[in-house]
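Thanks for coming, everyone. I would like to take a few minutes to walk through one model, going from single residues to a pocket and then to the cysteines.

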Amino acid sequence: MAGSDGRSVVPARLPDDFLGRLVVDCPACGGYAVILPCDLSDVRAFAARRMVCRDCGAMREKPQTPNGASIDPFMGLAPRFRAATRHGDLVAWNEEHLDYLETYLSGRVRVEQLPVDPAGPRNQTIVSRLPAWAKSAKNRDDVLRAVARVRKERG
Ligand SMILES: [Zn+2]
């Protein structure tokens, strides 16, 4: 959360930073399922992945593509953390991603520390891709409420 001075400071992150652990709706029971790379050290988009449901034990696997083409790391399943507001949904891939968004959005003054590497992809960061309504100061309380609700109900 933001500091007592109302400032929130987050490091720039790319969406891929959260690709290693995806929380989705279980296709069997609608519960809490996690998709991990079969080889935990290989989070590349084409790597083989395995979904396991915490609630019913359902398991699914998606093998690595033979030619190195990207697969859908979500395996066609819906991200579990969709914070619904009347403006739209704010989607997080896992709890860490949700915390990151909340920390950033909770600040009355928000600072994204841009990449140390000046050649880094600045317009692809998570913050730069947030929809305008999510960043709008007048929607701040609505958005934070939706984030708190999705964490409580879907976590
Ligand atoms: Zn399940």
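Let me begin with a question of location: in which strand is the place of Asp25? Asp25 belongs to strand β2, which covers residues 22–25. Please keep in mind throughout that what we are looking at is a predicted model, and that the values I quote are computed from it.

Asp25 counts as buried, because its relative accessibility is 17% and the cut-off for buried is under 20%. The side chain of Asp25 makes a polar contact, at 2.9 Å, with the side chain of Arg80. That partner, Arg80, is found in the loop between β5, residues 59–62, and β6, residues 81–84, and with a relative accessible area of 7% Arg80 is buried as well. Arg80 also has a contact with the backbone, in that a polar atom of its side chain lies 2.8 Å from the backbone oxygen of Arg154.

While we are in the loop between β5 and β6, I would point out Met75, which has its place there too. Met75 is not a glycine, and yet it has a positive phi of about 55°; at 9% relative accessibility, Met75 counts as buried.

Now to the largest pocket, which holds about 150 Å³ of space. Which elements give two or more residues to its lining? They are β7, residues 89–92, α1, residues 95–106, and α2, residues 126–129, and of these β7 gives the most, with 3 residues. The lining residues include Asp89, Leu90 and Val91, together with Trp93, His97, Leu101 and Arg129. By class, the lining of the largest pocket divides into 8 nonpolar, 1 polar and 2 charged residues.

Since α1 contributes to that lining, let me spend a moment on the helix itself. At the start of α1, a side-chain oxygen of Asn94 reaches to within 3.1 Å of the backbone nitrogen of Glu96. For the length, the reasoning is simple: α1 has 12 residues, which at 1.5 Å a residue should span 16 Å, and the end C-alpha atoms are 16 Å apart, so the two agree. The buried residues of α1 are His97, Leu98, Tyr100, Leu101, Glu102, Tyr104, Leu105 and Ser106, and two that I have already named, His97 and Leu101, are among the residues that line the largest pocket.

Beyond the helix comes Val109, which lies in strand β8, residues 109–113, and which counts as partly exposed at 43% relative accessibility. The C-alpha atoms of Val109 and Ala92 are 17 residues apart along the chain and are separated by 22 Å.

Finally, the cysteines. How many disulfides does a search of the whole structure find? The search finds 0. As a reminder, a disulfide is a covalent bond between the sulfur atoms of two cysteines. For Cys38 the reason is distance, because the closest cysteine sulfur, in Cys26, is 17 Å from its own sulfur, too far for a bond. The surroundings of these two residues can be described by accessibility: Cys26 counts as buried, at 4%, whereas Cys38, at 33%, counts as partly exposed.

That is where I will stop, and I am happy to take questions.

Terms used: Residues numbered from 1 in each chain as written. Predicted model: local features only at pLDDT ≥ 70, side-chain atom pairs only at ≥ 80, totals over all residues. Heavy atoms only, no water. 1 Å grid on protein atoms, 1.4 Å probe; cavity = no way out; pocket = protein on both sides within 12 Å on 5 of 7 lines; lining within 4 Å. Points joined across faces, edges and corners; volume = space filled by probe spheres on them. Helix = DSSP H or I, 4+ residues; strand = E, 2+ residues; numbered from the N terminus. Nonpolar A, V, L, I, M, F, W, Y, C, P; charged D, E, K, R; others polar. Expected span 1.5 Å × (residues − 1). Buried < 20%, exposed > 50% of the residue type's maximum accessible area, 1.4 Å probe, protein only. Polar contact = N/O pair within 3.5 Å; in protein donor to acceptor, adjacent residues only side chain to side chain. Disulfide = S-S within 2.5 Å.
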